[in-house]
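Me: Please take a close look at a single part of this complex, one helix, and then place it in the rest of the model. Here is the structure.

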Amino acid sequence: MIFYHFFSNPWVVFALKLAAVFIFFLTAPLVLGYVEHKGLAHMQSRLGPMEAGKFHGWAQLIADGVKFIQKEDIIPDAADRHIFALAPMVVIIPVSLVFLVIPFGPASVSCHAPAGAGGCGFWGENFDVGIFFVLAISAISVIGMLMAGWSSANKFSLIGAIRGAAQLIAYELPLVLAASAVAMQAGTLSLVGIAAAQDSYWFVFPQIAGFIIFVIASLAELSRPPFDMPIADSEIIFGHMTEYTGIRFGLFLLSEYAGIVSLSAIAVVLYLGGWHGFLVPWIPGPIWTLAKIGALSFLVIWLRATYPRLREDQLQKMAWKYLIPIALVNILLTMIFKVAF
Amino acid sequence: MSVTELPTAGMLPGGPGEGVQVVIAGDEFPTQEMTLSIGPQHPSTHGVLRVVLTLDGERIDTATPVIGYMHRAFDKLSEVRDYRQIIALSNRHDWLSAFGNELGVALATERLMGLEVPERAQWIRMLMAEWNRVLNHLMFLGSFGLELGAMTPMFYAFREREDIQTLMEMATGARMHFTYCRVGGLKEDLPKGFLLYSEVLVKRIRHRLLDYAGLLLGNEIFKKRTVGIGVLPGEVAKSYGVTGPILHASGVAEDSRKTEPYLKYSEVEFEVPVGEHGDSFDRFNVLYHRIEESLKIIEQVHDKLPPGPVMPGKMPKYLKPPEGWTYVRTENSLGETGYYLVSRGETTPWRLKMRTPSFHNVSMIPYLLKGVLLPDLIAVLGSVFFVVGDVDR
């Protein structure tokens with residue numbers, strides 16, 4: 001009975017959910033980073049990490065993290081100290097907040113959660129405007145990028161940051177347009193609602209154009225190959241991260257991998273049916289969600305091994321000439337079908 | 001098309017941070033040119049080439065290569081080394097085509113001394129020179145992709161290079177600085193099993209080349225980045241003294257293996273692949289097809305290799321070429337390498353001047369980079385194949 005009372009306190013439930021989200025936010029990027037190390041290595045006829053943790057280098061990224069913490073935190077003399085120090089936080093906090101609203105499983109049938117604890121189910125918080133929240137908050141990261149680039153007092157950093165900002169402006173639009181077509185079809189802005197609406201069929205089938213646009217735009221927003229011009233290492237060293245060392249650099253890297261996981265998760269919820277499985281329905285919903293996130297993230301890694309990078313102006317051309325018009329037509333078609341049927 | 005003006009030495013910008021204020025009349029938003037120093041330590045310049053750029057936004061206004069960070073006085077040093085020592089010296093400066101370099105020194109000395117090189121040694125020299133060419137070209141195939149952001153070809157290239165280096169180690173005992181040539185012939189004959197492995201390797205590499213074709217030549221993004229970028233007309237290339245794959249890509253099929261055959265190149269069949277437009281893509285394409293041609297030559301050597309000794313019967317203890325001079329040109333991996341050798345009848349040359357292809361390739365940089373975007377700098381620099389040691393000597 002005491003146990004029951006303990007869990008009926010909304011603050012306790014909320015704290016537990018926050019802890020779970022935080023742990024997922026810290027571990028999922030590590031797992032993804034390890035998969036990238038090993039996956040890339042095997043695609044390129046290498047072995048990848050083999051030493052740390054004895055078994056196929058499983059502890060490599062933990063070792064990397066410890067190393068980042070130990071390294072000296074260098075702030076260049078010419079840098080704007082406060083902004084320089086603040087930039088990694090501005091980049092990483094929005095990414096971590098996205099995980100708060102991603103639903104991993106269906107709402108439980110017998111719900112005992114107290115009011116104010118975000119409903120019951122495998123999610124941190126069920127906002128009525130979940131998709132809006134996610135897209136709005138993930139765009140904040142670019143401010144951190146600009147801060148890092150400007151305050152570093154390094155020309156390479158500056159070029160990288162400007163490229164990153166230009167890229168985000170170009171790609172935020174197709175991303176939002178593609179997502180709003182899905183919201184229109186589902187009839188709700190809530191991520192939980194969108195996932196639940198894909199009970200009979202996944203939205204990737206009617207929204208295939210939207211899905212492709214969403215994936216391309218996500219890659220551009222994440223600065224992942226083939227759209228990694230903001231950090232193109234052979235041109236501008238490492239873009240806005242050039243002057244960073246130690247744990248601050250580690251935070252930038254963490255936010256990159258967390259960003260891959262979070263945007264994959266959003267794509268899964270919007271298009272790939274969220275927790276809905278196929279063929280083997282007895283596998284629980286959260287496992288399905290994780291498996292789909294993993295598959296999409298692997299696609300991101302795979303692209304890195306395959307493609308060279310585009311040029312910034314070519315990327316802009318692609319966004320404004322192709323992706324945005326196609327996304328607009330997609331919205332129009334969705335609207336017509338929604339009204340007609 | 002006329003040759004563009006090179007920035008004079010007085011205009012050379014200083015360190016980072018020194019820009020030139022440019023106010024365009026009537027423009028509401030005055031912009032400032034930015035001076036950006038790419039190198040000597042920068043991921044895109046393999047080695048220590050420094051390129052000083054003035055940028056207008058991301059567009060390159062002027063580009064000035066600064067060379068000399070790796071000057072090791074090869075020319076001067078060879079004036080105090082005897083001819084056998086120079087062979088070991090000459091495969092240091094261009095570490096990617098070590099055999100091709102030592103071959104030239106041996107050829108020049110032999111020509112001055114009037115030595116007759118045994119048939120078998122000549123064929124083996126050709127075999128090794130072509131393997132070295134493949135080794136070199138694979139490196140550039142891989143690194144060009146890496147600079148454009150495709151990391152996989154680099155690792156594939158090193159996989160193949162590893163095999164070839166193992167093969168060359170069998171014969172020479174070294175993986176990089178082979179020192180296999182001797183004045184008059186070769187250090188020793190090929191070991192047992194060398195030809196067998198060589199045949200296997202030709203087949204393997206020919207098969208694996210398809211990987212590169214799939215990853216880069218047929219890749220839409222790769223084409224978008226390289227087609228029409230850094231166009232070099234054949235006439236301009238000739239006026240700058242550019243040779244090798246870059247000249248061939250501009251449509252000029254000048255190859256000293258064809259026009260002035262040395263060794264046994266007149267007895268094997270091969271083609272000189274040429275490009276059409278002289279852009280970065282053509283340069284890469286020519287490099288790719290040069291590997292195929294080299295593999296063809298290697299196969300013909302396997303068939304035609306005659307038995308016999310690899311060194312002439314009796315060699316003098318001290319090599320003293322008679323007084324005089326000679327100029328030998330060889331088609332090295334990156335282009336034409338010339339050896340101007342002057343002897344005064346002593347054990348050391350009076351002068352040995354090398355004409356290296358990378359130096360001339362680098363001299364193209366200001367012409368090719370004018371007006372291109374910063375990301376295209378990579379596509380241009382990666383396709384102007386050079387080794388910094390070969391530039392500076």
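The part I want examined is helix H9 of chain A, residues 208–222. Is H9(A) largely enclosed or open, what covers its buried residues, and what do the contact between the chains and the sheets of chain B look like?

Reply: The model is predicted, and the answer starts with the helix before it moves to the contact and to chain B.

Helix H9 of chain A has 15 residues, 208–222. At 1.5 Å a residue, its expected span is 21 Å, and its end C-alpha atoms are 21 Å apart, so the two values agree.

H9(A) is largely enclosed by the rest of the structure, because eleven of its 15 residues are buried. A residue is taken as buried if 20 or more other C-beta atoms lie within 10 Å of its own. The buried residues are Gly210(A), Phe211(A), Ile213(A), Phe214(A), Ile216(A), Ala217(A), Ser218(A), Leu219(A), Ala220(A), Glu221(A) and Leu222(A). In an α-helix there are 3.6 residues a turn, so residues three or four places apart point the same way. The cover over the buried residues of H9(A) includes four helices of chain A: H7 (155–186), H11 (246–270), H12 (285–306) and H13 (312–340). Just after the helix, Ser223(A) has a positive phi of about 55°.

The contact between the chains involves 23 residues of chain A and 26 residues of chain B. On the side of chain A that touches chain B, the elements giving two or more residues are helix H10 (233–236), H12 and H13. H10(A) provides the largest share, three residues. By type, this side of chain A divides into ten nonpolar, five polar and eight charged residues. H12(A) and H13(A) thus appear in two roles: they are among the elements that cover H9(A), and they also give residues to the side that touches chain B. For the complex, the predictor gives an ipTM of 0.78 and a pTM of 0.81.

Chain B holds an open sheet of three strands in the order S1-S2-S3, with antiparallel pairing. Its edge strands are S1 and S3 (59–66), each pairing on one side only. Neighbouring strands of this sheet are turned by 20° against each other on average, direction ignored. S1(B), residues 34–38, is mostly covered, with four of its five residues buried. Five bridges connect S1(B) to S2(B), residues 50–56, in the antiparallel sense. Across that pairing, Met34(B) stands opposite Leu55(B), and Ile38(B) stands opposite Val51(B).

Another open sheet of three strands in chain B has the order S6-S7-S8, again with antiparallel pairing. Here the edge strands are S6 (324–332) and S8 (351–355). The twist averages 15° from one strand to the next. S7(B), residues 335–343, is joined to S8(B) by five bridges, and Gly338(B) has Arg355(B) in S8(B) as its bridge partner. Helix H3 of chain B, residues 98–113, lies across S6 and S7 of chain B and runs at about 150° to S6(B).

Confidence in chain B is uneven along the sequence: the average pLDDT is 83, and 91% of the residues score at least 70, but pLDDT stays under 50 over residues 1–24. For that stretch of chain B the model has 34 contacts beyond four places in sequence. Where pLDDT is low, the predicted coordinates should not be read in detail.

Methods:
Residues numbered from 1 in each chain as written. Chains lettered and ligands numbered in written order. Predicted model: local features only at pLDDT ≥ 70, side-chain atom pairs only at ≥ 80, totals over all residues. Expected span 1.5 Å × (residues − 1). Buried ≥ 20, exposed ≤ 12 C-beta atoms within 10 Å, placed from the backbone. Contact = placed C-beta atoms within 7 Å. Pairing = 2+ DSSP bridges. Nonpolar A, V, L, I, M, F, W, Y, C, P; charged D, E, K, R; others polar. pLDDT = per-residue confidence, 0-100. Axes fitted to C-alpha atoms, helices over the stretch in contact; angles between N-to-C directions.
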